[in-house]
Amino acid sequence: MTDKAKLEADLGPAEAGYKRRIVELEAQVKRLADEKLSLATSEQKFRSIAENSQDYIMRYDRECRHLYENPAALEISGLTEEDIIGKTHREAGFSEALSELWEKSISEVFNTGKAKQSNFSWENEGRLVYLDWCLYPEFNANGGVDTVLGVSRDITDYKMVELKRQAAEQRFRSLFEQSGALCMILDPNTPDGIPIILEANKAACDAHGYTRAEFVGRRVVDIDDEDGKKQVVERTQKILDGKPLRIENIHVRKDGTTFPVVVYADRVDVPGDDLPVVFTTEHDITERRNAEHKLSNSLNEKDILPKEIHHRAKN
């Protein structure tokens, strides 16, 4: 065999190996190109959604620097891309307190790989803005957190309604607790028609000898005498039919003793709730009953005395 033939024979397997490697590299290049195209398409879709979203969308790197902010986020912050991209919150001029809050949360998502949600407020051009802020980890091919995506929504209108509701609830609670009457809110929507005590003020709990924990959740028949127990379903139905109730009743304390009350009860339809409740105000009329009893005895004595004198005079 000549030297040339021998060289070609030796190169045969190597050449085949080179060709296989070339095919593998070409396939790898094509796969990378496809992945790059897919990533570009995905990024384009993201940009299309983010650019038109009214939510505030941001992306951060591990140093908590801004990689992206959508137009809505730039508008609410009053910043341009030059002001914020590549910078942390501190570097962009946000307060130390908010910067610490935000960057601590972003770092937590990087470290845990778990989404995080929080609410916060900040003053923007003299207006207090409330935001709901969600952070989501964005994973790389190896399963590590590559970036963190932040999505904020302005919940100022909702928050203001909630604050007003809380203030109104606090005012009601103050009136409810400071009322001299025994006040209760009852749930009449029970299978047997016997209301359950949903809420009661301290005066009502004390008058019946229960703690609030013991009193709330009880059925009203637990504090009615036998006559009241027999009439509770009928009376409740009349209230639900829109007929306010005023009765004098006998209530039973935890220790079994009784006391008379005058009861005012009416149906209340709560906005946003399909089921009505019954609001009752009651007054302990023990002193009035005692006074009436004394007056009755006094009148009886006055009536008896003339008759006794007349009887003795005749005899």
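In what order do the five strands of the open sheet stand? In this predicted model, the order is β7-β6-β10-β9-β8, and the pairing is antiparallel. The strands at the edges are β7, residues 196-200, and β8, residues 245-252; each has a single partner strand, so one side of each is left without a neighbour in the sheet. From one strand to the next, the twist averages 35°. Strands of a sheet pair through backbone hydrogen bonds, either parallel or antiparallel.

The sheet belongs to a protein chain with nine helices and ten strands. Of the 315 residues in the chain, 34% are buried. Among contacts between residues at least 6 apart in sequence, 40% join residues at least 24 apart.

The sheet can be followed pair by pair, starting from the β7 edge. β7 runs antiparallel to β6, and four bridges join the two strands. One pair of facing residues here is D187 and I196, the latter in β7. β6 covers residues 182-187, and five bridges join it to β10, residues 277-284, again in antiparallel fashion. Within this pairing, I185 has F279 of β10 as its bridge partner, and L186 stands opposite V278 in β10. β6 is mostly covered, with five of its six residues buried.

At the other end of the order, β8 and β9 run antiparallel and are joined by eight bridges. I247 faces V263 of β9. The two strands form a hairpin with five residues between them, and in this hairpin G256 takes a positive phi near 95°.

A helix packs on this part of the sheet. Which strands does helix α8 lie across? The helix, residues 226-240, lies across β8, β9 (258-268) and β10, and runs at about 150° to β8.

The same elements return in the description of the internal space. How many cavities of 30 Å³ or more does a search of the whole structure find? The search finds two. The largest cavity holds about 240 Å³ of space. It is lined by 20 residues, and those nearest its centre are L186, V220, D224, V232 and V263. Two of these have been met already as facing residues in the sheet: L186, opposite V278 of β10, and V263, opposite I247. At least two residues of the lining come from each of β6, α8, β8, β9 and β10. α8 gives the most, with five residues. By class, the lining of the largest cavity has twelve nonpolar, five polar and three charged residues.

The second largest cavity has about 200 Å³ of space. Its lining has 16 residues, of which M58, E69, W102, W122 and L131 are the closest to its centre. Two or more lining residues come from each of β1 (56-60), β2 (66-69), α2 (71-77), β3 (116-124) and β4 (127-139). This lining divides by class into eleven nonpolar, four polar and one charged residues.

There is also open space to consider. What is the volume of the largest pocket? The volume is about 260 Å³. Its lining consists of E169, F172, R173, I185, L198, E199, V268, V270, V277 and F279. The bridge partners I185 and F279 are both among these lining residues. α5 (156-178), β7 and β10 each supply at least two residues of the pocket lining, and α5 gives the most, with three. The pocket lining has seven nonpolar residues, no polar ones and three charged ones.

Taken together, the sheet can be read against both kinds of space. β10, which pairs with β6 through five bridges, supplies at least two residues to the lining of the largest cavity and at least two to that of the largest pocket. In β6, L186 is one of the residues nearest the centre of the largest cavity, while I185 is one of those that line the largest pocket. The edge strand β7 supplies at least two residues to the lining of the largest pocket, and the other edge strand, β8, supplies at least two to the lining of the largest cavity.

Key. Residues numbered from 1 in each chain as written. Predicted model: local features only at pLDDT ≥ 70, side-chain atom pairs only at ≥ 80, totals over all residues. Heavy atoms only, no water. Pairing = 2+ DSSP bridges. Axes fitted to C-alpha atoms, helices over the stretch in contact; angles between N-to-C directions. Contact = heavy atoms within 4.5 Å. 1 Å grid on protein atoms, 1.4 Å probe; cavity = no way out; pocket = protein on both sides within 12 Å on 5 of 7 lines; lining within 4 Å. Points joined across faces, edges and corners; volume = space filled by probe spheres on them. Nonpolar A, V, L, I, M, F, W, Y, C, P; charged D, E, K, R; others polar. Buried < 20%, exposed > 50% of the residue type's maximum accessible area, 1.4 Å probe, protein only.
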